[in-house]
Amino acid sequence: MAEIVETSLPGVGLRHDFLCESGDRLGVITRHSGRRDLLLYTQDDPDAVGESVTLSPDDARLLADLLGGATLVERFNDLRQHIAGLSIDWLPVSETSPFAAQPLGATQMRTRTGVSAIALLRHGTAIPSPGPETVLLAGDTVVVVGLAEGIHAAGRLLAVAGP
Amino acid sequence: MFSASPGSATLLVELGAILIGLALLGRFAGRIGVPAIPLYLAAGLLVGEGGFLELVTAREFIEPAAQIGVILLLLMLGLEYSGSELLVALRTNSQVGALDVLLNFTPGVIVGALFGWGLNGALLLGGITYVSSSGIIARVLDDLGNTGNRETPVVLSILVTEDLVMAFYLPLMAGLLIGGDPLQISLEIVGAVVAVIAVLFAAVRYGERLSAAMFTRFEDIMLLTLIGVALLVAGAAEHLQASAAVGAFLVGIALSGQAEHKARELLTPLRDLFAAMFFAFFGLQIDPANLPGVLAPAAGLAVVTAATKVATGWWGARRAGVGKAGRLRAGALLTIRGEFSIVIAGIAVAEGLDSKLGALAAAYVLILAIIGPFLARAADPLSRRLAARATEKQRSRRGQ
């Protein structure tokens with residue numbers, strides 16, 4: 001990981017910058033007013049900013065969300081490496097699934113396969129930690145965490161009825 | 001009941017005309033890329049003593065308005081800094097700060113002495129040539145998009161140090177200007193300096209508590225509290241011969257957090273109104289007939305002190321490990337003089353020192369407040385070429 005340099009700008013705010021692996025230097029000024037400036041330094045003159053973008057507090061939050069989403073998945077991948085054997089997968093609920101329009105509890109997924117459903121994806125939005133009463137609909141995607149063979153079994157469970 | 005006397009009608013008309021005139025000048029300044037401050041000053045010159053149009057009634061109103069303008073200007077400057085930022089800048093920046101004083105204070109003192117303006121006049125002119133304009137420089141930095149540059153912290157620390165030096169310089173001058181026997185003067189100065197240090201440390205330590213006590217979410221009450229406290233402290237400081245401006249500056253430093261945020265939001269429009277009147281009022285007091293006689297020394301002083309500021313910025317940036325291009329940018333920015341020089345020149349005029357001193361200061365600030373930003377803008381492409389050439393050299397050397 002690149003080292004982040006923090007510099008105080010008296011009367012303006014704080015500047016953080018770091019050298020990207022690509023060789024570009026990126027920086028952010030956090031102003032006392034809450035405004036942020038995203039900075040890209042030039043290659044010719046390492047002291048000078050080539051491009052800067054002004055971000056309102058809302059813009060900054062949006063950008064952080066965009067970048068943060070990607071890092072979240074990365075973090076999970078890291079986590080998976082730490083806990084040996086743990087996998088995450090996305091399982092579809094098809095039209096023909098016996099559990100379409102059934103509550104999640106009816107699948108007895110955890111008891112039968114040892115796999116936990118951690119989220120439901122429906123029409124592009126996520127329903128985090130669904131309870132046993134949450135009703136599955138055809139077209140949903142169930143995000144599950146567990147051992148590889150358990151996930152395999154859970155996939156079959158959602159596709160056809162009965163073990 | 002309120003009844004409009006002919007006098008008050010004239011006052012309103014004159015005041016309205018002045019403000020509209022200043023607004024038009026501000027627009028014009030924005031269009032040609034020049035800060036508004038020197039144009040306000042020039043406007044004052046035109047309608048003041050011996051100008052081509054003399055204001056009569058409005059002057060009585062502008063004078064106290066100008067005083068409030070200085071207080072708001074310094075209060076807002078103090079808001080920009082936190083107490084800890086000041087202490088850090090002072091600790092890490094004392095060498096560049098000392099060089100800054102040596103290189104930029106001295107030329108003014110020498111010219112003042114050559115004109116025979118006495119110790120006080122020479123020291124005041126030294127202050128005028130010493131202090132760069134943190135207000136104009138912050139705006140130019142923003143316009144150029146250079147706030148993130150690596151030489152910028154150097155420039156900003158130099159500005160903080162200068163503003164802090166002013167917190168001691170102004171009470172010192174106040175003590176000297178009152179006069180009396182040397183023992184009395186030195187006692188007064190020592191007292192004022194000790195008071196400033198005490199308030200500064202109190203601001204760092206108890207600022208948060210003061211801010212919390214002053215903060216209310218009702219904007220009208222907050223505004224009254226702010227102005228009331230600033231005027232009270234400024235008045236008390238003036239009474240103790242420590243200069244009203246410094247009192248207001250210290251109040252600004254003490255405020256932090258939510259109170260500081262709100263204060264900046266509420267005071268900015270008021271500051272703009274009253275500070276414009278302050279710059280115009282300074283111009284009002286200068287007789288334009290004195291200008292031609294001081295133009296040559298003012299221009300000479302401007303050239304010399306622009307060069308010494310470039311040297312200061314260059315050296316400071318080099319110490320921070322910034323390349324040649326950045327050093328040039330830092331130096332060019334620092335050449336800009338402005339509001340603080342006018343505050344000091346205003347003291348000279350109010351004290352009734354040689355009328356040529358005021359005229360010289362006006363011409364000097366006009367030159368560097370207008371040319372300085374152009375120098376800073378010119379340094380940008382110039383430094384880019386410098387940097388491009390340096391990389392090319394490096395590349396060809398590596399190629400061999």
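**Exercise 1.** In this predicted model, find the salt bridge that Arg329(B) forms with chain A, and place it within the interface count.

*Solution.* Start with the side chains. Arg329(B) pairs with Asp45(A), N to O, at 3.1 Å. The cut-off for a salt bridge is 4 Å, so the pair qualifies. Next, take the count: chain B and chain A share 4 salt bridges. Polar contacts come to 8 residue pairs, both residues at pLDDT 80 or more. Then look at the elements. Helix 8 (152–178), helix 12 (257–284), helix 14 (324–334) and helix 16 (355–399) of chain B each give two or more residues to the side that touches chain A. By class, that side has 8 nonpolar, 9 polar and 8 charged residues.

**Exercise 2.** How many residues are in contact across the interface, and what area is buried between chain B and chain A?

*Solution.* Count the residues: 25 from chain B meet 21 from chain A. Now the area. About 1,800 Å² is buried between the chains, and carbon and sulfur atoms give 50% of that. Finally, split chain B's share. Glu85(B), Gly148(B) and Arg150(B) supply 26% of the area that chain B buries against chain A, more than any other three residues.

**Exercise 3.** Is Gly112(B) buried or exposed? Describe its surroundings.

*Solution.* Locate the residue: Gly112(B) sits in helix 5 (residues 94–114) of chain B. Its relative accessible area is 0%. Buried means under 20%, so Gly112(B) is buried. List the neighbours. Beyond four places in sequence, Gly112(B) touches Trp117(B), Ala122(B) and Leu125(B). Last, check a distant partner. Leu360(B) lies 248 residues away along the chain, with 10.0 Å between its C-alpha atom and that of Gly112(B).

Conventions:
Residues numbered from 1 in each chain as written. Chains lettered and ligands numbered in written order. Predicted model: local features only at pLDDT ≥ 70, side-chain atom pairs only at ≥ 80, totals over all residues. Heavy atoms only, no water. Contact = heavy atoms within 4.5 Å. Buried area = accessible area lost by both parts, 1.4 Å probe. Salt bridge = Lys/Arg side-chain N within 4 Å of Asp/Glu carboxyl O. Polar contact = N/O pair within 3.5 Å; in protein donor to acceptor, adjacent residues only side chain to side chain. Helix = DSSP H or I, 4+ residues; strand = E, 2+ residues; numbered from the N terminus. Nonpolar A, V, L, I, M, F, W, Y, C, P; charged D, E, K, R; others polar. Buried < 20%, exposed > 50% of the residue type's maximum accessible area, 1.4 Å probe, protein only.
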